Amino acid sequence: MLRNALGSLQADLVTGAFVFRPLPPLVEGESRVLRRIPDRWRRSARWLPHAVVLALAALVFLLGITGGSWQSTAGEQAGVAVFTAFPVVLSLFRPVGAFWISLGTMALLAATWVGGWEATYPWSVAGFVAHLVVIVQVVLRFSGPRIAGEMWVLTVVSGIVVAWVTGEDGADEIVGMGVASALLLSGALLVHGWTSARLEVAAKEQEVAAKEREVVAKEEVTRAERSKRFLLEERTTIARELHDVVAHHMSVVAIQAEAAPYRVENPPPELAQAFATIRENAVAALAELRRVLGVVRAEDYEAPDAPQPTLADLDALLANVRDTGLTVQQTVTGAVRELPQGVGLSAYRIVQEALSNAMRHAPGATAQVEVAYVLGGLGLRVVNGPPTAEVPPSPGAGHGLTGMRERVSMLGGEMTAEGLDDGGYEVAVFLPVAVADGGERGVPGDGEGERVEDEGGA
């Protein structure tokens, strides 16, 4: 036990005792003292601990000058005062070394006893205060009950040894030093422990805040990546659909160009050559189209067996939606006519997605689907009322509107989507459709119409 105690004492107070360890200034954000000081003085107030220590050193110096007996000369008193205050100043830079010098000063002055001093022994009043300042400094800067206990034991034992060697009676002063140092060391330990705990809590709070910021940043990146991925997936889906549409028509062109010469008896060579050229170009375009657009198909993608839906299948879609409990009304205006397959497919998908959003976000509401065949394009309008059911809305992925806008943008159309004053929602879309040279006309009525082609019609 003695060997362990001596080893701990050597590690704490002997090894590196005189290493340069300056007292750090106060740190803004960590010191509560600085928070209470006005801003214009805060920069200088960082050195407040140093000013306090120097003020205590000045106090020790004054006590040393006035603490000598009548037998001491002014020069002797000044020398004792400087010698006694020196450990206090040294504690700003080498606190552990200042502790040993304070003990050595006490022993040296007690042994030489220059002129003696009244009422105290082996510490003078100045030495008493100086030693307390030094040991408190050590504990505040190097917290640990073990260090505090070692300094307390060394202080009391040093006083006892000096009094025993010199044969002077210093029991009262030794007991006073023991009690005062024990109280101050205990207080210093509590203060240091409280400060360390507060700083540790602040550090943990900063760490938690940093982790929260990191999580938020990662969530934003993930959200952006998810949106980008969905956008690419939606474009891929649209490209697949357009690939199927265009490939179908190019195949029809190639087949008809190949069969056309056989429908004419004795066709001229120029006509046969023209149809052969059309077929070759159609086959080459089809091969190039499949090569370029075919890369958008995933390895596990399976082409649908059924044909892609168009507006002609809108009634079946509305019937399916009504079966889920959503009340839907349909209005068709204008002359119903055949649309390009890509436009019809996109229009169907837009209505489908708008009704899906209405079912998710407005349970129990009613919806109105308006299809307008107008000159130069197709108008779509899907309006739903506010939710009325007690079932809470079902949050979606938040990409439905993005997909609709992608389809509209690819066809060169326009789209608006906004909430209504009554709590409902409206999606309005216009898809441009090129008008044939001969024009198209239809018979308006109850939503059914026919397409009449002129000679120059497409």
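Leaving aside neighbours within four places in sequence, with which residues is S102 in contact? The contacts of S102 are P87 and H131, where contact means heavy atoms within 4.5 Å. S102 lies in helix α6. The residue is buried because its relative accessible area is 6%; buried means under 20%, exposed over 50% and partly exposed in between, with a 1.4 Å probe and protein chains only.

The model is predicted: local features need pLDDT of at least 70, side-chain atom pairs count only at pLDDT 80 or more, and totals for chains, interfaces and linings use all residues. Residues are numbered from 1 along each chain as its sequence is written, and side-chain values use heavy atoms, with hydrogens and water left out. Helices (H or I, at least four residues) and strands (E, at least two) are DSSP runs, numbered from the N terminus.

The helical part is described through its core. A nonpolar core is a set of buried Ala, Val, Leu, Ile, Met, Phe, Trp, Tyr and Cys residues joined through side-chain atoms within 4.5 Å. The largest such core has 39 residues. Those with the most contacts inside this core are L13, V88, F99, I135 and M151. Helices α1 (2-14), α4 (48-66), α5 (74-90), α6 (95-112), α7, α8 (145-166) and α9 (171-259) each supply at least two of its residues. The largest share, nine residues, comes from α7. A second, separate core has 32 residues, among them L317, I350, V382 and L431. In soluble globular proteins, nonpolar side chains tend to be buried together.

Helix α7 spans residues 125-141, 17 in number. From first C-alpha to last, α7 reaches 25 Å, close to the 24 Å expected at 1.5 Å a residue. The expected span is 1.5 Å times one less than the number of residues. Helix α7 is mostly covered, with 13 of its 17 residues buried. L13, for its part, touches V96, F99, W100, I147, E150, M151 and L154, not counting residues up to four places away in sequence.

An open sheet of five strands follows the order β1-β2-β3-β5-β4. Its pairing is mixed; two strands pair if DSSP finds at least two bridges between them. Strands β1 (327-334) and β4 (414-419) form the edges, each pairing on one side only. On average, neighbouring strands are turned by 10 degrees against each other, direction ignored. Axes are lines fitted to C-alpha atoms, for helices over the stretch in contact, and angles run from 0 to 180 degrees between N-to-C directions. Helix α11 (residues 314-323) packs on the sheet and touches β1 and β2 (366-374). The direction of α11 makes about 160 degrees with that of β1. Helix α13 (residues 400-410) lies across β4 and β5, and runs at about 160 degrees to β4.

Strand β3 (residues 377-384) is mostly covered: seven of its eight residues are buried. Strands β2 and β3 pair in the antiparallel sense over eight bridges. Q368 stands opposite V383 in β3. These two strands form a hairpin with two residues between them. In its turn, G376 has a positive phi of about 90 degrees. Strand β3 also pairs with β5 (residues 425-432), in the antiparallel sense and over eight bridges. The bridge partner of V383 in β5 is E426. L378 stands opposite L431, and G377 has P432 as its bridge partner.

Strands β4 and β5 are antiparallel, paired over six bridges. T416 is bridged to A428 in β5. The β4-β5 hairpin has five residues between its strands. G423 in this turn has a positive phi of about 100 degrees.

F430 is found in β5. Its relative accessibility is 32%, so F430 counts as partly exposed. Outside its neighbours within four places in sequence, F430 is in contact with V374, G376, G377, L378, G379, V408, G413 and E414. F430 and A347 are 83 residues apart in sequence and 9.4 Å apart in space, C-alpha to C-alpha.
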